[in-house]
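Here is a short tour to read with the model open beside you. Have the viewer ready to jump between residues as we go.

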Amino acid sequence: MRAVIIGAGIAGLAVARGLRLLGWETEIYEQASELKPLGAGLSLSANALRALRTLGLYEAVVAEAQPIHRLDLLDDKGQVLQSTDFQRFSQLYGHLSMAVLHRGDLHKALLSELPRSVIRTDMECVDARQVGENIALRFANGEIVESELVLACDGIHSAVRRALFPQSREHFARYTCWRAIAPGFPQGMDPTRLTESWGAGKRIGLAAIPGERISTGLLAVARITGTTPSWLRPSCRSAGDVFRISPASPGGP
């Protein structure tokens, strides 16, 4: 059995690994000319970590990650609204229940269990159509590939989804977010503690990101006005503009 996967991101690489464990042949087509460690920090909850264990990737990912023992939800003054003890859940599940790492390190771990020969770069999928029981994919270079199973992991602007489901539309939730990484940790920060502050329609998260260069990951989410989805509109505002971030104190971000 053979599957074609469009996109060599987190989803594409993970599904390729899973299918190969089931005995499928896989081919991955990626529009970028090379695979780079892009992105910022991300968190992995218990369900994702359990899935990585099933894929045989748990140890490789955890080796690059920062274990999180506690999640604190704070108000805009740094006072704790709710606290979750992830160490207790880790004991219950038999593996970490929360970890954070750089997206590039997760991508690297997924790549480590796939032969590079199954990934073709510079292959931008521009169209898809049904041909009998197969799907025919057309690429920007004119090449056409057919497969009985196609998995579209090519993101929000998916050409496969647009071609096969032309009536589908993205739903704009009127929220936008910024992700960033700053070198080092704020004074007094506990790297095993993940915090998220809420207030005035905005949220900001702070986490320690391990790796070659120790850093702090920032996630800022805010409601926005207007009718144009944020992924279609350039923005020059920074997370600092939205939250007016001040240096962290031991009690909160």
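## A hairpin and its sheet

Start at Ile135, which stands opposite Ser147 in E11. Ile135 belongs to strand E10 (residues 134-139), and E10 pairs with E11 in the antiparallel sense over 4 bridges. Here two strands count as paired if DSSP finds at least two bridges between them, while strands (E, at least two residues) and helices (H or I, at least four) are DSSP runs numbered from the N terminus. E10 and E11 form a hairpin with 4 residues between them, and Gly142 in that turn has a positive phi of about 95°. Before going further, please note that this is a predicted model, in which local features need pLDDT of at least 70 and side-chain atom pairs count only at pLDDT 80 or more, while totals for chains, interfaces and linings use all residues. Residues are numbered from 1 along each chain as its sequence is written, and side-chain values use heavy atoms, with hydrogens and water left out.

On its other side, E10 meets E9: the two pair in the antiparallel sense over 6 bridges, and Ala128 has Leu137 in E10 as its bridge partner. Together the strands make an open, antiparallel sheet of 3 strands in the order E9-E10-E11. Strand E9 (125-131) and strand E11 (144-147) each have a single partner strand, so one side of each is left without a neighbour in the sheet. Neighbouring strands of this sheet are turned by 20° against each other on average, direction ignored; the axes behind such angles are lines fitted to C-alpha atoms, for helices over the stretch in contact, and angles run from 0 to 180 degrees between N-to-C directions.

In a regular strand the side chains alternate between the two faces of the sheet. Which side chains of E11 are buried? Val145 and Ser147 point to one face and are buried, while Ile144 and Glu146 point to the other and are not. Buried means under 20% relative accessible area, exposed over 50%, and partly exposed in between (1.4 Å probe, protein chains only).

## A second sheet and its helices

Another open sheet of 3 strands runs in the order E3-E7-E4, again with antiparallel pairing. Strand E3 (41-45) and strand E4 (66-67) are its edge strands, each pairing on one side only. E4 and strand E7 (residues 98-102) pair over 2 bridges, with Val100 in E7 as the bridge partner of Gln66. Helix H2 (residues 46-54) lies across E3 and E7, running at about 80° to E3.

Now find helix H5 (103-112). Because 7 of its 10 residues are buried, H5 is largely enclosed by the rest of the structure. Among those buried residues are Leu106, Leu110 and Leu111. Their cover includes helix H1 (10-21), E3, H2, helix H3 (58-62), E7 and strand E8 (119-120).

## The largest pocket

About 830 Å³ of space lies in the largest pocket. A pocket is an open set of points on a 1 Å grid over the protein atoms alone, where a 1.4 Å probe fits and protein lies on both sides within 12 Å along at least five of seven lines; lining residues have an atom within 4 Å of a point. Of the 27 lining residues, the closest to the centre are Gln31, Cys153, Asp154, Gly155 and Ile156.

H5, E9 and helix H6 (159-164) each supply at least two residues of the lining. By type, the lining divides into 13 nonpolar, 6 polar and 8 charged residues.

## Loops worth a look

Thr192 sits in the loop between strand E13 (175-183) and strand E14 (193-199). Is Thr192 buried or exposed? Thr192 is buried, with a relative accessible area of 19%. Leaving aside residues up to four places away in sequence, Thr192 touches Gln66, Pro67, Ile68, His69 and Arg70, where contact means heavy atoms within 4.5 Å.

Asp122, in the loop between E8 and E9, has a positive phi of about 60° although it is not a glycine. Asp122 is exposed, at 51% relative accessible area.

## The whole chain

The protein has 7 helices and 16 strands. Of its 253 residues, 39% count as buried.

How values were computed: Points joined across faces, edges and corners; volume = space filled by probe spheres on them. Nonpolar A, V, L, I, M, F, W, Y, C, P; charged D, E, K, R; others polar.
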